[in-house]
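Let's walk through this model together, starting with charged side chains and moving on to the rings and the nonpolar interior. Keep the structure open beside you as you read.

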Amino acid sequence: MEKVYLSAAAHAKDNPTKCPTKCGENIHCNEYMDIVETRLKEHGVQVKRGFTTQTGAMALKNRVKEANAWKADVYYVAHTNAGGGRYSMTMCYPDAASKAKANVFHKYRKCVASHKVKTRSDLYEINATAMLCLYDELFFHDNAADCKWFHEGGMEKLAEETVQALCELCHVTYKPKAEKVEKPAAADKKPVKGDAITLKKGRLYVSSRGTAAVTRTGTFYVYDGVCVNGRYRVTNKASRVGKTPVGLHVSGWVEL
């Protein structure tokens with residue numbers, strides 16, 4: 001089984017975005033990569049996630065060093081762009097083999113109006129990795145409409161297309177997500193911040209809308225008690241209740 005190393009945006013100073021909620025490029029790229037990581041593991045792919053507590057040049061150098069030592073087959077990077085564009089882009093090293101594999105991403109990138117493949121040799125992760133590096137700029141985070149789309153279902157669509165492409169590159173049969181999963185039992189009263197919630201093969205949604213979710217069993221805690229579209233944010237530790245930034249402390253959403 002081939003190995004995939006995942007590297008989400010880790011800017012030393014997180015880039016501001018025009019997202020509908022308080023966010024940042026690092027934050028929403030890590031939320032996106034959470035989905036990619038989960039789905040790849042569900043397919044049996046060997047996955048290693050780049051140092052999530054590090055940022056800046058140190059993070060990139062340590063990630064590349066770790067991926068090279070692990071002898072990963074694919075090094076996948078996820079960022080979002082800025083500069084006024086309205087497209088998605090996958091970048092790779094300027095050789096025929098890398099470009100051919102980047103075009104697998106182009107084949108599956110259907111949820112956006114425009115996608116292109118571009119070669120680069122000046123980006124550190126593309127240039128310093130010993131293996132194939134595919135570097136995504138998912139969308140432009142300085143466009144409010146695209147940010148809204150990303151946070152209202154686009155994130156899940158992009159992640160699933162990425163999983164399809166990586167499965168093909170790793171010679172793994174892609175399996176669509178199962179739709180029928182047992183829902184968590186309804187609460188007798190309105191949940192409040194800090195309430196313990198027990199899931200038994202329940203659906204932990206990745207956002208307040210859409211069907212994208214993972215199956216989880218265990219105890220979670222209501223993050224803030226705010227209901228959005230019938231769902232509540234939860235976290236996996238009582239010590240994380242109400243803590244910010246949201247993207248680092250919220251595990252997902254549940255229907256209660």
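Arg39 and Glu42 are 3 residues apart in helix 1, so about one helical turn separates them. Helices here are DSSP runs of H or I with at least four residues, strands are runs of E with at least two, and both are numbered from the N terminus. The two side chains meet in a salt bridge, with 2.7 Å from N to O; the term means a side-chain nitrogen of Lys or Arg within 4 Å of a carboxyl oxygen of Asp or Glu. Arg39 is buried at 5% relative accessibility, whereas Glu42 is partly exposed at 45%. Buried stands for under 20% relative accessible area, exposed for over 50%, and partly exposed for what lies in between, using a 1.4 Å probe and protein chains only.

Before going further, please note that this is a predicted model, in which local features need pLDDT of at least 70 and side-chain atom pairs count only at pLDDT 80 or more, while totals for chains, interfaces and linings use all residues. Residues are numbered from 1 along each chain as its sequence is written, and side-chain values use heavy atoms, leaving out hydrogens and water.

Now turn to helix 5 (residues 144-169), where Lys148 and Glu152 are 4 residues apart and therefore separated by about one helical turn. Their side chains form a salt bridge at 2.9 Å, N to O. Lys148 is partly exposed at 42% relative accessibility, and Glu152 is partly exposed at 33%. Elsewhere, Asp34, Glu37, Lys41 and Arg49 are joined into one network by salt bridges that share partners. One link to look at is the salt bridge between Arg49 and Glu37, 2.7 Å from N to O. This pair connects distant parts of the chain: Arg49 belongs to strand 2 (residues 46-49) and Glu37 to helix 1 (residues 25-42), 12 residues apart. Both Arg49 and Glu37 are buried. Over the whole structure, a search finds 14 salt bridges.

What about the rings? The whole structure holds 4 aromatic pairs. Rings of Phe, Tyr and Trp (its six-membered ring) pair if their centres lie within 6.5 Å; planes under 30 degrees apart are stacked, over 60 edge-to-face, and the rest tilted. Tyr87 and Phe140 are edge-to-face because their planes stand at 70°, with ring centres 4.9 Å apart. Tyr87 sits in the loop between strand 3 (74-81) and strand 4 (88-92), Phe140 in strand 6 (residues 132-140), and their positions lie 53 residues apart in the numbering. Tyr87 is partly exposed at 26%, while Phe140 is buried at 3%.

Tyr87 has another partner: the charged end of Lys116 sits over its ring, 3.9 Å from the centre. Such a charge is counted if NZ of Lys or CZ of Arg is within 6 Å of the ring centre and within 35 degrees of the ring normal. Likewise, Lys48 lies over the face of Trp70, 5.2 Å from the ring centre.

Finally, look inside. A nonpolar core is a set of buried Ala, Val, Leu, Ile, Met, Phe, Trp, Tyr and Cys residues joined through side-chain atoms within 4.5 Å. The largest has 39 residues, and Tyr32, Val36, Leu40 and Tyr76 have the most contacts inside it. Helix 5 gives the most to this core, with 10 residues. Beyond its neighbours within four places in sequence, Tyr32 contacts (heavy atoms within 4.5 Å) residues including Tyr76, Leu138, Phe150 and Leu158. A second, separate core of 14 residues includes Met89, Met131, Cys133 and Tyr135.
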